[in-house]
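Subject: Structure for your review

Dear colleague,

Please find the sequence and structure below, handed over for your consideration. I would be grateful if you could read the notes after it with the model open.

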Amino acid sequence: MTGTVLATPRRSPLQYASFRWLLAARTTSILGNAVAPIALAFAVLDLTGSATDLGLVVASRSIANVAVLLLGGVIADRLPRHVVLVGTSLAAAATQAAVAALVLTGSATIPGLVLLSVANGAVAAVSLPAAAALVPDTVPADLLRPANALLRLGLNASGILGASVGAGVVGVLGPGWGLTLDAAGFALAGVLFAMMSVPRAPARDTAAASVVSDLREGWREFSGRRWVWVVVAQFTLLNAAFVGATTVLGPIVADATFGRTGWGLVVAAQTVGLALGAVIALRWRPRHALGIGVALMAVTAVPVAALAVAPALPTLILAFAVGGVALEIFAIAWDQSLQTHVPRDALSRVYSYDMVGSFVAVPVGEALVGPLAHIFGTGTVLGGCAVIIVGASLAAVGVRDVRRLQVPVIGGTSP
């Protein structure tokens, strides 16, 4: 899309009640959920002390998430998306409350945690496409970029607070209470999603359309855009390397060096970087935002490399913050690109294909990094993950369709 769309100076996504409820609901769920990876990681380490067990628990959630995502996209394109989010929020609250109860009562076992992780991953698979595709239902098209930036800013601010407070709760009271906070956040988010009122989507003949035909239609929208599947292929490799390195090996490095509370600060630093990236995206609005964001993803190798060669708290805080800035600039450009160029009635399904492709290798990374670290050493595996991140990012930005894709520019600067 070419040309410049100028918004009325005083218009803001916050003028729209549905967007305010969406912002409140998603911010609340993240406030509780920010502590969950920290709490779950240390709950497993307290239970067995095994990196392999930790990888198994987190990988089980990712496997379930990927397995159900395509169906989640179909559901979110067929039903009112805010209603879907009410149900998934309450279901997520129930699964996390069950995990918390097991940990607090000393009844947790690895099989039990794996089972509940599977349930939580399946619920998230339905909620993610619905939440991503709901934004265009709450604001006009010319306010999508600031709406996405404000959403991301709210999510990141909650992540900062949640990770910081959560790290203290885990360190002082234990992982079980951190998981309790997560469950409460999801429950409150369900109430806030229920307050939304969005325009009814144009009627679709879903009775005549099978799930398979819906998936085929979504696949045509996804595969017909080269820039979409190239970026998804980039993230297939990048997410496996980054998530495996930071979710599994990061806590191991922390336990051996600067401690669990310090790891909470490192995670919070990444969220500070994400928030800064959202602020930058509100002001800096390049026409070729996607290409710039894809190239910047190479910077996310910096925190992974720092874990390998300089696992000191000040260095890691800075490295994770820088990586967070790069990740957020990309994420906002990606959402705006999809929401601008993909038809509204297929958007959840395209998001679901995006998420499947992006997440499909994550369980492999999570499951393999622990055993590989035992064989080759943690530093070597972390270094290999950093190389994968840089290589995938350079390959993706080398594709012309990715570099040249344009999005509407609403004020701000546009080189």
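The notes below go from the overall fold to a cavity, a helix and a few individual residues.

Please bear in mind throughout that this is a predicted model.

Overall fold

The secondary structure of the protein consists of 17 helices and 0 strands. With a radius of gyration of 20 Å, close to the 22 Å that the globule rule gives for 415 residues, the protein is as compact as a globular protein of that length. Along the principal axes, its C-alpha atoms occupy a box of roughly 55 × 40 × 40 Å.

Of the 415 residues, 55% count as buried. The protein exposes about 16200 Å², and carbon and sulfur atoms supply 69% of that area. As for contacts with a separation of 6 or more, 89% are made by residues 24 or more positions apart.

Cavities

The count of cavities of 30 Å³ or more comes to 2. I describe here the second largest cavity, which has a volume of about 40 Å³. Its lining is formed by Arg145, Trp284, Pro286, Ala289, Ile292, Gly293, Ile329 and Ala333. By class, this lining comprises 6 nonpolar, 1 polar and 1 charged residues; the charged one is Arg145 and the polar one is Gly293.

Which helices supply at least two residues each to the lining of the second largest cavity? They are α11 (289-296) and α13 (313-341). Helix α11 gives the most, with 3 residues.

Helix α12

Helix α12 spans residues 301-309, and its buried residues are Ala301, Pro303, Val304, Ala306 and Leu307. These buried residues pack against four helices, namely α9 (226-256), α10 (260-283), α13 and α16 (378-397). Helix α13 thus appears in two places in these notes, as a packing partner of α12 and as a contributor to the cavity lining.

Individual residues

Two of the packing partners of α12 hold threonines that may be of interest to you. Thr236 lies in helix α9. Leaving aside neighbours within four places in sequence, Thr236 is in contact with Gly357, Ser358, Val360 and Ala361. The C-alpha atoms of Thr236 and Asp354 are separated by 9.6 Å, while the two residues are 118 residues apart along the chain.

Thr261 is found in helix α10. Its relative accessible area is 46%, so Thr261 is partly exposed. Between the C-alpha atoms of Thr261 and Glu366 there is a separation of 22 Å, with their positions 105 residues apart along the chain.

Is Thr27, in helix α1, buried or exposed? Thr27 counts as buried because its relative accessibility is 18%, and the cut-off for buried is under 20%. The helix that holds Thr27, α1, covers residues 17-33. Beyond its neighbours within four places in sequence, Thr27 is in contact with Gly154, Leu155 and Ser158.

Ala119 belongs to helix α5, which runs over residues 110-134. At 30% relative accessibility, Ala119 counts as partly exposed. Its C-alpha atom and that of Gly55, 64 residues apart along the chain, are separated by 17 Å.

I should be glad to receive any comments you may have.

Yours sincerely

Key
Residues are numbered from 1 along each chain as its sequence is written. This is a predicted model: local features need pLDDT of at least 70, side-chain atom pairs count only at pLDDT 80 or more; totals for chains, interfaces and linings use all residues. Side-chain values use heavy atoms; hydrogens and water are left out. Buried means under 20% relative accessible area, exposed over 50%, partly exposed in between (1.4 Å probe, protein chains only). Contact means heavy atoms within 4.5 Å. On a 1 Å grid over the protein atoms alone, a cavity is a set of points where a 1.4 Å probe fits but cannot get out, and a pocket is an open set with protein on both sides within 12 Å along at least five of seven lines; lining residues have an atom within 4 Å of a point. Grid points are joined across faces, edges and corners, and a volume is the space filled by probe spheres set on the points. The radius of gyration is taken over C-alpha atoms; the globule rule is 2.2 Å times the number of residues to the power 0.38. Accessible areas come from the Shrake-Rupley method with a 1.4 Å probe; for residues, only the protein chains shown count as cover.
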